[in-house]
Amino acid sequence: MSDNRQNRRYPQNLQGVLQLAVDAGSAAEGPSPPEPMSEERKTWLREALSDICRGQMDEVEQMKQCLAVLRKDEPNDKEPDAEEDREEDEEDERESAFDMLSELCENLDNARDLMILGGLELCVSRYLCHVQGGLRWRAAQLLASCAQNMPQVQEHLFKIDVLPKLLQLTDSDPNPTVRVKALYAVSCLVREQEAGLQAFVAHDGFSVLMRGMQSENEKVRTKSAFLLLCLLSSNPEHKETVVSMGMVQQLVSVLRMPHSPFHEHVLGALCCLVEDFPQGLEDCRNPALGLEELLKQRTKELHGKEECQEQLDFCERLRLLCFNRQQTDDVGMDR
C-alpha cells in the first residue's frame with residue numbers, strides 16, 4: 001500500500017484538483033467502500049486550495065496596484081523640458097497598467113472585482129477622453145473585456161452612461177485604433193443585451209454604423225458592417241428603424257466601392273432587410289438604385305474565386321429574394 005502511495009501523482013493545478021474530486025466521487029459510487037484519505041493527501045489538498053485562494057488574492061492586489069498608477073495626478077507644465085520626459089515615462093506606466101488589467105479581466109471574477117474597486121468609473125471619467133490616444137483605446141479595450149458576457153458589469157456601465165461616449169469615439173475620434181476599440185466595446189454592450197440595444201437605438205447607433213461602413217479604415221468598416229448584420233439577424237423588429245433612415249441606399253452605395261471582404265457582411269445585412277419586410281424589398285427593387293445590375297456585375301467579378309464563395313452565395317440569395325420573385329410577379333400580371 002505504501003508503494004502505491006509513493007508512486008501516486010497528484011495534480012498540479014485547479015483542473016487537476018477538480019478531476020481528483022470527480023474521480024473520488026466516481027470511486028465512492030462503486031461497490032467497494034472508498035479508501036480513507038491519507039494524511040499526505042489531506043495536506044496536499046489543503047495546500048493546493050490555499051494556493052488557489054492566494055492566487056486570486058494576488059490578482060486583486062495586482063489590480064489595486066494598477067489602479068493606483070492610473071489614479072495618479074497628471075503632471076503639470078511648470079518645467080516643460082523636465083516634465084516632457086516624466087510625461088512619457090508616466091504614459092508608458094499607465095499603458096502597462098491598462099495592459100495588465102485587460103489581461104487580468106479576461107477572468108470574469110476579476111472583471112467584477114474591478115467594477116467593485118471603482119476601476120470602470122475611472123476608465124469612463126478620466127481615460128475615454130484622455131488626450132493620449134494610446135490611453136483612450138486601452139480604456140475602451142478594458143471596458144470591452146469587462147463587459148463581454150458579464151451582465152452585471154454591463155448593467156453597471158449603462159448606469160454610468162458609457163454608451164454615448166463610446167459611440168462618439170467610434171464616430172469621430174482621430175485615432176483609428178481608438179475607433180476600432182470603442183466599437184468593440186459597443187458590440188460587447190449591445191449584442192444579446194436588450195437594455196443595451198434600446199440605448200444603442202436611442203442614441204442613433206445605427207447611424208454611427210452607417211458612417212463607420214464608409215470609413216477609410218478597413219477595420220472600422222468591417223466591424224461596423226458585422227455588428228449591423230448581427231443586430232439585424234437577432235433583432236428583426238428594428239428593420240423598420242433602419243430602412244426608414246435610408247440604410248438600403250447607403251448599403252448599396254457601399255457595395256459600389258472597390259471590392260472588399262467586408263462586403264460579405266453588407267450583402268448579408270441587405271438580405272436581412274429584404275426578408276419578410278416589404279419596405280426593404282421595395283427599396284432594393286427601386287430601378288434608380290441599379291442593384292440588380294450591380295449584383296450581376298459582382299457575381300462575374302467573384303466567379304471562380306474560392307475565397308469569395310460566401311459573398312457569391314449572398315449575391316445569389318439577394319438576387320433571388322429581390323428580383324426572381326419580381327419577374328414571377330410581372331409574368332403573373334401579364335397573364
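**Exercise 1. Find which residues line the largest cavity of this predicted model, and work out their character.**

Start with the names: the largest cavity is lined by Leu 255, Leu 267, Leu 294, Leu 295, Arg 298 and Cys 315.

Next, sort them by class. The lining has 5 nonpolar residues, no polar ones and 1 charged residue. Arg counts as charged, while Leu and Cys count as nonpolar.

Now ask which helix gives the largest share of that lining. Helix α18, residues 291-302, does, with 3 residues.

Finish with the volume, which is about 30 Å³ for the largest cavity. If you count cavities of 30 Å³ or more, you get 1.

**Exercise 2. Work out how helices α7 and α10 are oriented to each other, and what sits in their contact.**

First, pick out the two helices: α7 covers residues 133-147 and α10 covers residues 176-190. Their axes lie 8 Å apart, and the packing angle is about 15°.

Then compare that angle with the cut-off: angles under 35 degrees count as roughly parallel, so α7 is roughly parallel to α10. As for handedness, their crossing is left-handed.

Now look at the contact itself. From α7 come Gly 133, Arg 136, Trp 137, Ala 140, Gln 141, Ala 144 and Ala 147. On the α10 side you'll find Thr 177, Val 178, Lys 181, Ala 182, Tyr 184, Ala 185, Cys 188 and Leu 189.

Last, the tally for this contact: 10 nonpolar, 3 polar and 2 charged residues.

**Exercise 3. Do the same for helices α12 and α13: are they roughly antiparallel or oblique?**

Get the geometry first. Helix α12 (residues 205-212) packs on helix α13 (residues 218-234) at an angle of about 140°, with 8 Å between the axes.

Watch the cut-off here: an angle has to be over 145 degrees to count as roughly antiparallel. That's why α12 and α13 are oblique to each other. The crossing of α12 and α13 is left-handed.

For the contact, α12 supplies Phe 206, Leu 209 and Gly 212. Helix α13 answers with Val 220, Arg 221, Ser 224, Leu 227, Leu 228 and Leu 231.

By class, this contact of α12 with α13 comes to 6 nonpolar, 2 polar and 1 charged residues.

Terms used. Residues are numbered from 1 along each chain as its sequence is written. This is a predicted model: local features need pLDDT of at least 70, side-chain atom pairs count only at pLDDT 80 or more; totals for chains, interfaces and linings use all residues. Side-chain values use heavy atoms; hydrogens and water are left out. On a 1 Å grid over the protein atoms alone, a cavity is a set of points where a 1.4 Å probe fits but cannot get out, and a pocket is an open set with protein on both sides within 12 Å along at least five of seven lines; lining residues have an atom within 4 Å of a point. Grid points are joined across faces, edges and corners, and a volume is the space filled by probe spheres set on the points. Helices (H or I, at least four residues) and strands (E, at least two) are DSSP runs, numbered from the N terminus. Axes are lines fitted to C-alpha atoms, for helices over the stretch in contact, and angles run from 0 to 180 degrees between N-to-C directions. Angles under 35 degrees count as roughly parallel, over 145 as roughly antiparallel, 65 to 115 as roughly perpendicular and the rest as oblique. A crossing is left-handed if the near helix is turned anticlockwise from the far one by less than a right angle, and right-handed if clockwise. Contact means heavy atoms within 4.5 Å.
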